[in-house]
Amino acid sequence: MKKLAKGLLSVALTSMLLGSGMMGMAAPVKAAETPTKITLLGTSDIHGRFMPWDYALDGPNQNGSMTQLFTMIKEIRKENPNTVLLDAGDSIQDNSAELFNDQPQSPVMVAMNEMNYDAWAFGNHEFNFGLDVLDKVSSQYKGAVLAGNIYKENGERFLPAYTIIERAGVKIGVIGMNTPMITDFEKGTDHLDGLVIKNPVEETKKAVKELEGKVDVMIGLMHMGIENENGIPGTGVADIANAVPELTAIFAGHMHKLVKKEEINGVLISEPDKYATHISRIDLTFEKKDGKLVLTDKEATALPVKGADGTPAVSDAGLETKLKPFHEFARADANIVVAELKGMNLVPKNEIEGIPTVQIQETPLSDFFHEVMLYYSKADVVAHQIDNDKAKLDVGPIKKKDIAYNYQYAGGEITVYKVTGKDLKDYMEWAVGYFNSTRPGDVTVSFDPKRRASKYSTNDFFGGVKYEIDLTKPYGSRITNLRKLDETPIKAEDTLKLGMNSYRMEALQAKGGALEGRKFEQLWSSKDNTAFGETGGTIRNRAIAYLKEVKKGVYEPKVQNNWKITGVDTAASERKDVVELINAGILSVPKTADGKYTNIASINIKDAVTKEEIAELSAKVKVDAAKIATVKTKGEFYHQLNEARKAAEKSVAPTTNTQQKK
């Protein structure tokens with residue numbers, strides 16, 4: 001006992017000496033805690049891309065899909081188990097996802113559950129089909145559904161504004177908001193009946209107050225782009241970031257833009273583009289200081305489904321198996337025959353390789369869509385655009401997928417506005433700004449490089465009127481001889497009913513648009529409840545209904561000849577040489593430096609030819625450049641070069657025939 005007491009006394013004295021520093025040694029330091037890393041992943045604007053397939057066109061599309069994203073997500077979860085998966089809306093519309101609205105299950109919900117999404121903030125397109133359909137589809141989802149700025153008329157929130165997710169002891173408050181522009185998008189429908197859409201900036205502030213003291217970090221999950229939409233305050237997340245610095249980061253969406261990383265007022269922002277082509281990634285690092293979790297670092301990026309070398313991410317086989325029944329159902333729908341095309345193909349073959357006929361002249365295809373739009377809208381004039389340079393519809397069966405292939409904007413509808421003749425002319429002048437001006441000697445029509453590089457075609461065609469486009473005239477003065485089909489001239493003060501896509505009209509009315517600041521009375525929309533509704537009112541579905549119900553399954557087009565381009569020297573004898581040389585692969589249609597956009601400059605036969613061009617093209621044809629070195633103009637050179645090419649081909653032909661006889 002005495003020995004034990006003595007030992008305890010010795011330990012006590014030693015502890016006292018250590019504590020006072022009398023032993024000449026430093027006190028032991030407590031090991032620092034390992035930082036905690038949380039990875040947040042965000043998708044947005046998936047628009048029904050549940051598999052790597054375009055169902056409207058019935059063909060593979062490996063640019064992005066949920067099954068490919070799942071492969072990437074699995075790898076990130078292996079790297080960091082403390083991963084949160086979020087979606088910022090516009091998930092259940094487009095790519096035939098709406099086919100499943102009246103089916104027991106939505107493939108997008110099946111995929112989201114299998115991928116284990118933690119939260120989903122509604123986008124504007126979630127409301128396209130009405131609240132009953134939205135409730136049916138969203139009720140299949142197992143995670144948290146958010147819409148913080150949408151209220152019921154009785155003052156209650158329609159859905160929660162936020163959810164709290166915990167990973168490795170870190171509590172993450174996720175605040176979901178939808179664009180307030182939804183009220184404009186759903187105008188004319190009953191899809192928002194009983195709901196009140198509030199300012200997302202103020203509602204985010206309110207959600208932050210409610211989360212204070214309950215979480216370690218707050219993240220925005222917003223179906224809004226960075227900039228304000230159409231210049232309207234409170235419609236972009238930049239306004240939210242500036243007003244609510246308590247947010248650490250925001251996953252943005254809606255505007256279909258790729259934003260890897262942007263910081264506004266200390267708030268990190270990332271947007272993953274559209275159609276499941278990217279996934280945003282935000283990494284947060286926390287350390288414990290004085291017993292509290294402190295955010296010490298944050299980083300953001302957006303990861304592409306396609307690598308730098310163009311190789312796409314592998315589609316997850318397990319998820320594909322689960323989605324296979326939906327895949328087969330949608331493919332079968334795309335292949336339904338709706339009519340028979342007789343008489344002529346709707347798009348003539350390109351005269352010149354690299355210059356799409358469908359963009360430079362009136363075709364029976366553009367006339368067909370005008371015919372459909374005029375029939376249902378009862379408008380005086382209609383306008384649309386064709387986004388597909390390879391548009392094609394040949395004599396034979398017309399399937400649903402053929403309509404989608406040739407009119408690629410799935411949501412496009414017909415909205416009728418009351419306009420003046422001046423408004424129409426100003427719009428048309430903007431549209432034909434798609435083309436470059438021509439000079440004497442130009443033998444091809446070409447496209448303005450900036451307009452050609454636009455995400456969607458801005459080369460709008462007009463039906464219900466007759467007109468010419470004179471490319472020798474300056475921008476703003478190219479539309480000539482504008483008149484009605486009965487040859488009556490359209491005057492500036494005339495009142496007209498114009499049928500067109502509402503998104504295009506909004507762009508024209510926005511800052512910098514051809515109709516900036518002008519207001520127009522909306523008379524009708526094909527998507528109105530009193531018309532054909534959100535799904536039935538699309539131009540695609542109106543075209544299908546027109547073929548089946550109005551044309552009784554048989555369509556025979558008639559050439560309209562309502563408009564044409566002038567100011568291009570199509571009568572020049574050397575033009576034939578230009579056409580033949582291009583189609584033979586000798587002469588090239590001008591394109592952008594990266595080769596992405598073609599036909600950005602006209603070919604001119606009166607310009608002086610250079611020694612370099614003579615040498616380069618002569619080598620291609622394998623003729624002696626010295627024999628044609630005396631030519632002065634490109635037209636002379638192209639003619640002599642083409643004659644030499646054809647002569648060389650003829651000289652080879654007999655030898656080939658002799659060999660064949662042997």
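A salt bridge is taken here as a side-chain nitrogen of Lys or Arg within 4 Å of a carboxyl oxygen of Asp or Glu. By this rule, 34 salt bridges are counted in the structure, which is a predicted model. Side chains of opposite charge can pair when their charged atoms come close. Several of these pairs are described below, after the sheets and helices.

An open sheet is formed by six strands, which follow the order S8-S9-S11-S12-S14-S13 with mixed pairing. Its edges are occupied by strand S8 (162-167) and strand S13 (258-264), each of which pairs on one side only. On average, and with direction ignored, neighbouring strands of this sheet are turned by 20° against each other. Within the sheet, strand S12 (residues 249-251) pairs with strand S14 (residues 267-272) in the parallel sense, over three bridges. Ala 249 stands opposite Leu 268 of S14. Helix H6 (residues 200-211) lies across S8, strand S9 (170-178) and strand S11 (217-223), and runs at about 160° to S9.

A further open sheet consists of three strands in the order S23-S22-S27, and its pairing is also mixed. Strand S23 (479-484) and strand S27 (563-566) each have a single partner strand, so one side of each is left without a neighbour in the sheet. The average turn between neighbouring strands of this sheet is 5°, direction ignored. Strand S22 (residues 465-470) and S27 run parallel and are joined by four bridges. The bridge partner of Tyr 467 in S27 is Trp 563. Helix H12 (residues 421-431) packs on this sheet, where S22 and S23 are touched by the helix, and its direction makes about 135° with that of S23.

Two packed helices are described by the angle between their axes and the distance between the axes. For helix H10 (residues 364-377) and helix H16 (residues 539-550), the angle is about 85° and the axes are 10 Å apart. H10 is therefore roughly perpendicular to H16, since angles of 65 to 115 degrees are placed in that class. On the side of H10, the contact is made by Phe 368, Phe 369, Glu 371, Val 372, Met 373, Tyr 375 and Tyr 376. H16 contributes Ile 539, Arg 542, Ala 543, Ala 545, Tyr 546, Leu 547 and Val 550. The residues of this contact comprise 12 nonpolar and two charged residues, with no polar ones.

Among the salt bridges, Glu 299 pairs with Lys 261, and the closest N and O atoms are 3.1 Å apart. This pair links distant parts of the chain, as Glu 299 belongs to strand S16 (residues 292-304) and Lys 261 to strand S13, 38 residues apart. Glu 299 is partly exposed, at a relative accessible area of 38%. Lys 261 likewise counts as partly exposed, at 42% relative accessibility.

Another salt bridge joins Arg 281 to Asp 283, with the closest N and O atoms at 2.9 Å. Because residues under 20% relative accessible area are classed as buried, Arg 281 counts as buried at 9%. Asp 283 is also buried, with a value of 14%.

In a third pair, Glu 487 forms a salt bridge with Arg 483, the closest N and O atoms being 2.8 Å apart. Here the two partners fall into separate classes of accessibility: Glu 487 is partly exposed, with a relative accessible area of 41%, whereas Arg 483 is buried, with 12%. Elsewhere, salt bridges that share partners join Glu 580, Glu 643, Arg 645, Lys 646 and Glu 649 into one network.

Two individual residues complete the description. Thr 285 is placed in strand S15 (residues 278-289) and is buried, with a relative accessible area of 18%. When residues up to four places away in sequence are not counted, Thr 285 touches Pro 35, Thr 36 and Lys 37, together with Val 294, Leu 295, Thr 296 and Asp 297. Lys 274 is found in the loop between S14 and S15 and counts as buried, at 16% relative accessibility. Between Lys 274 and Val 416, the separation is 142 residues in sequence and 29 Å in space, C-alpha to C-alpha.

Definitions and conventions:
Residues are numbered from 1 along each chain as its sequence is written. This is a predicted model: local features need pLDDT of at least 70, side-chain atom pairs count only at pLDDT 80 or more; totals for chains, interfaces and linings use all residues. Side-chain values use heavy atoms; hydrogens and water are left out. Axes are lines fitted to C-alpha atoms, for helices over the stretch in contact, and angles run from 0 to 180 degrees between N-to-C directions. Helices (H or I, at least four residues) and strands (E, at least two) are DSSP runs, numbered from the N terminus. Angles under 35 degrees count as roughly parallel, over 145 as roughly antiparallel, 65 to 115 as roughly perpendicular and the rest as oblique. Contact means heavy atoms within 4.5 Å. Ala, Val, Leu, Ile, Met, Phe, Trp, Tyr, Cys and Pro count as nonpolar, Asp, Glu, Lys and Arg as charged, and the others, Gly among them, as polar. Buried means under 20% relative accessible area, exposed over 50%, partly exposed in between (1.4 Å probe, protein chains only). Two strands pair if DSSP finds at least two bridges between them.
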